[in-house]
Amino acid sequence: KVQISRADALRAAITAACTIPLSVPLAARADLNQGALGATCVGFGCNDYRGQDFNGMPAPGGEDYVSENTLQVVRPAERGSMPYSEFLQALKDKRVLGVDFIAPNGDEAYALVKDSGGTKSCSAINPDAPVVDGVCRLRMGEGWPVEVSNSWSSPSWVVRILDNEQVPHALVIDLKKKPQRAVYPKAGGVAKL
């Protein structure tokens, strides 16, 4: 006959009560780590940054994205811009020669891309982009990880990828440009630049 002390039984009950509920939400939340966040965290479940539903800059012609907690507005990509998924493929194909991030935080960025012709040509993405010596300069668009303070999204992810792939990049600062000041509304409004 096995006898367990009252303290050991209580300890076992508390341990069981704490571990069983933890295992269920982790399996249920695995589906939330898809898209760009899932790719960066390799399915190991990063910190819950809130805003996991944000998968980068909205598509051209789409609606503005407004962050729930900060009320930050992210405008849709410009027409003729290169989607982030195509940028990553061009990076794998060694067609990206360099990236210029525009200050202050790199939300606006341009890549120098080798024109490969066919469906991956510069003119297929932006017919107005001039091709000089087989290279064009394309603005980054849909899916680009813009800086959103309460989310995983940040151009610093791209900088890390570029460093790993040994692709040169720069932060371009226009000292002649006048700074824009955010106008913060009273409670319930949306901050606009």
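This is a short talk on one chain, its fold, one of its helices and its salt bridges.

Hi everyone, thanks for coming. Before anything else, please keep in mind that we are looking at a predicted model. The average pLDDT over the chain is 77, and 71% of the residues reach at least 70. One stretch needs some care: residues 23-33 have a pLDDT below 50, and in the model this stretch makes six contacts beyond near neighbours in sequence.

Let me start with the overall layout. The chain holds five helices and six strands. If you walk along from the N terminus, the order of the elements is α-α-β-β-α-β-β-α-β-α-β. There are 193 residues in the chain, and 31% of them count as buried. As for contacts, take those with a separation of 6 or more: 55% of them join residues that are 24 or more positions apart.

Now please turn to helix H3, residues 84-92. Which of its residues are buried? They are Tyr84, Phe87, Ala90 and Leu91. These four span an arc of only 115 degrees around the axis, so they sit on the same side of H3. Ser85 and Lys92, on the other side of the helix, are exposed. And what covers the buried residues of H3? The cover includes strand E3 (96-102), strand E4 (108-114) and helix H5 (156-165). One backbone detail for those of you who like torsions: Lys94, which follows H3, has a positive phi, near 60 degrees.

On to the salt bridges. A search of the whole structure turns up six, and I'd like to show you three of them.

The one between Arg11 and Asp8 has an N to O distance of 2.8 Å. Both residues belong to helix H1 (residues 6-29), and because they are three residues apart there, about one helical turn separates them. Arg11 is exposed, at 52% relative accessibility, while Asp8 is partly exposed, with a relative accessible area of 37%.

The next pair is Glu78 and Arg139, with 2.7 Å between the closest N and O atoms. Glu78 comes from the loop between strand E2 (73-74) and H3, whereas Arg139 is in strand E5 (residues 135-139), so this salt bridge ties together parts that are 61 residues apart in sequence. Is Arg139 buried or exposed? With a relative accessibility of 18%, Arg139 counts as buried, the cut-off being under 20%. Its partner Glu78 is partly exposed at 44%. This pair also has company: Glu78, Glu108 and Arg139 are linked in a network of salt bridges.

Strand E5 comes up again in my last pair, Asp100 and Arg137, whose side chains meet at 4.0 Å, N to O. Here too, distant parts of the chain are linked, as Asp100 is in strand E3 and Arg137 in strand E5, 37 residues apart. Asp100 is partly exposed, with a relative accessible area of 25%, and Arg137 is also partly exposed, at 43% relative accessibility.

Finally, a look at the surface. The chain exposes about 12,800 Å², with carbon and sulfur atoms supplying 56% of that area. Which residues make a nonpolar patch there? Leu171, Ile173 and Leu175 do, and the patch is about 360 Å². Of these residues, Leu171 lies in strand E6 (residues 169-172).

That's my tour. Thanks for listening, and I'm happy to go back to any of the views.

Notes: Residues numbered from 1 in each chain as written. Predicted model: local features only at pLDDT ≥ 70, side-chain atom pairs only at ≥ 80, totals over all residues. Heavy atoms only, no water. pLDDT = per-residue confidence, 0-100. Contact = heavy atoms within 4.5 Å. Buried < 20%, exposed > 50% of the residue type's maximum accessible area, 1.4 Å probe, protein only. Helix = DSSP H or I, 4+ residues; strand = E, 2+ residues; numbered from the N terminus. Arc of directions from axis to C-beta. Areas by Shrake-Rupley, 256 points an atom, 1.4 Å probe, with all protein chains shown as cover. Patch = residues over 30% accessible without salt bridge, like charges linked within 9 Å, V, L, I, M, F, W, Y side chains within 5 Å.
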